[in-house]
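Please examine the sequence and the structure displayed below. The paragraphs that follow lead through the structure step by step.

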Amino acid sequence: MLRGGTCREQGAHAGTECASEDPLDAAQERRVRAVLALGGVPQADLPDGVQQVRLRLLERAASGREAPRDVSAWAAVVASNLAMDWHRAKRRQERLGERLASLREPAHPSGEETSVLSLAVAQGLDELPDTQRQVLVLRFFADLPVRAIAEELGVPEGTVKSRLHTAVRALRDRLHEDEVV
């Protein structure tokens, strides 16, 4: 049982009872769901949030770190952080949508025009080489600065900038070719 220490500390071996136990009891799971819901996470995303908390608790135990003193409190804090992450991701998606919308000149594009643009951008992204698509998504979807992208990918900043430039140009050309923008 993780609440009393890691499987290793209890003398459990891989594949034994400890490995199959749920690290969250029913009350803790209800608390995690409540924190996520109160944090603004939609009902449909709550099961994924609960699974993320379980995963982080299991990862903590698997890494050999001591189990939290109060699993319920720890899980609530993790759930709160996940709710904040969900909101950040939502804001990034909204900003991406605004950026994509700004590519269009008409002040009030119809729903059909927006759908055509979204489809064209998605197809354009699919056609990019993996390395270009990766930096484009990290920069404009995840809203990461060039320096952070370079550090995470283990490449020089100049490489990230070059890939971004090439990817943006290819995507722009694709959109003009399709007469979307």
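**A guided reading of the helices**

Gln52 counts as partly exposed, at 33% relative accessibility. This residue belongs to helix α3. Its C-alpha atom is separated by 10.0 Å from that of Ala75, although Gln52 and Ala75 are 23 residues apart along the chain. The model in which these values were computed is a predicted one.

Let us now consider the protein as a whole. Its secondary structure consists of 8 helices and 0 strands, and the pattern read along the sequence is therefore α-α-α-α-α-α-α-α. The protein has 181 residues, of which buried residues make up 27%. The accessible surface comes to about 11,400 Å², and 52% of that surface belongs to carbon and sulfur atoms. Among the contacts with a separation of 6 or more, 59% are accounted for by residues 24 or more positions apart.

We return to helix α3, where Val50 is also found. Is Val50 buried or exposed? With a relative accessible area of 2%, Val50 is buried, because a residue counts as buried when this value is under 20%. Which residues does Val50 touch, once residues up to four places away in sequence are not counted? They are Leu24, Glu29, Val32, Arg33 and Leu36. Val50 may also be compared with Val78: the two are 28 residues apart in sequence, and their C-alpha atoms are 9.8 Å apart in space.

A further residue of helix α3 is Arg54. Arg54 is buried as well, with a relative accessible area of 13%. When its neighbours within four places in sequence are left aside, Arg54 is in contact with Asp22, Pro23, Leu24 and Glu29. Leu24 and Glu29 also appear among the residues that Val50 touches.

The next topic is charge. Side chains of opposite charge can pair when their charged atoms come close. How many salt bridges does the structure hold? It holds 7 salt bridges. One of the residues that takes part is Glu29, which forms a salt bridge with Arg33; the closest N and O atoms of this pair are 3.6 Å apart. Both Glu29 and Arg33 lie in helix α2, which covers residues 26-38, and they are 4 residues apart, about one turn of the helix. Glu29 is partly exposed, with a relative accessible area of 23%, and Arg33 is partly exposed too, with a relative accessible area of 29%.

Glu29 forms a salt bridge with Arg54 as well, and here the closest N and O atoms are 2.6 Å apart. Because Glu29 lies in helix α2 and Arg54 in helix α3 (residues 46-62), this pair ties together parts that are 25 residues apart in sequence. The side chains of Glu157 and Arg147 also meet in a salt bridge, at 3.4 Å from N to O. That pair links distant parts of the chain: Glu157 is in helix α8 (residues 157-177) and Arg147 is in helix α7 (residues 146-153), 10 residues apart. Glu157 counts as partly exposed, at 31% relative accessibility, whereas Arg147 is exposed, with a relative accessible area of 54%. Elsewhere, salt bridges that share partners join Asp22, Glu29, Arg33 and Arg54 into one network.

The last stop is helix α6, which covers residues 130-141. This helix has 12 residues and reaches 15 Å from its first C-alpha to its last, close to the 16 Å expected at 1.5 Å a residue. Which residues of α6 are buried? They are Gln132, Val135 and Leu136. Seen down the axis of α6, the buried residues fall within an arc of 100 degrees, so they line one face of the helix. After α6 comes Asp143, whose phi is positive, near 60 degrees.

To review the route: the protein has 8 helices and 0 strands. Helix α3 holds the buried residues Val50 and Arg54, together with the partly exposed Gln52. Through its salt bridge with Glu29, Arg54 belongs to a pair that ties helix α3 to helix α2. In helix α6, the buried residues line one face.

Conventions
Residues are numbered from 1 along each chain as its sequence is written. This is a predicted model: local features need pLDDT of at least 70, side-chain atom pairs count only at pLDDT 80 or more; totals for chains, interfaces and linings use all residues. Side-chain values use heavy atoms; hydrogens and water are left out. Helices (H or I, at least four residues) and strands (E, at least two) are DSSP runs, numbered from the N terminus. The expected span of a helix is 1.5 Å times one less than its number of residues. Buried means under 20% relative accessible area, exposed over 50%, partly exposed in between (1.4 Å probe, protein chains only). The arc is that of the directions from the helix axis to the C-beta atoms. A salt bridge is a side-chain nitrogen of Lys or Arg within 4 Å of a carboxyl oxygen of Asp or Glu. Contact means heavy atoms within 4.5 Å. Accessible areas come from the Shrake-Rupley method with a 1.4 Å probe; for residues, only the protein chains shown count as cover.
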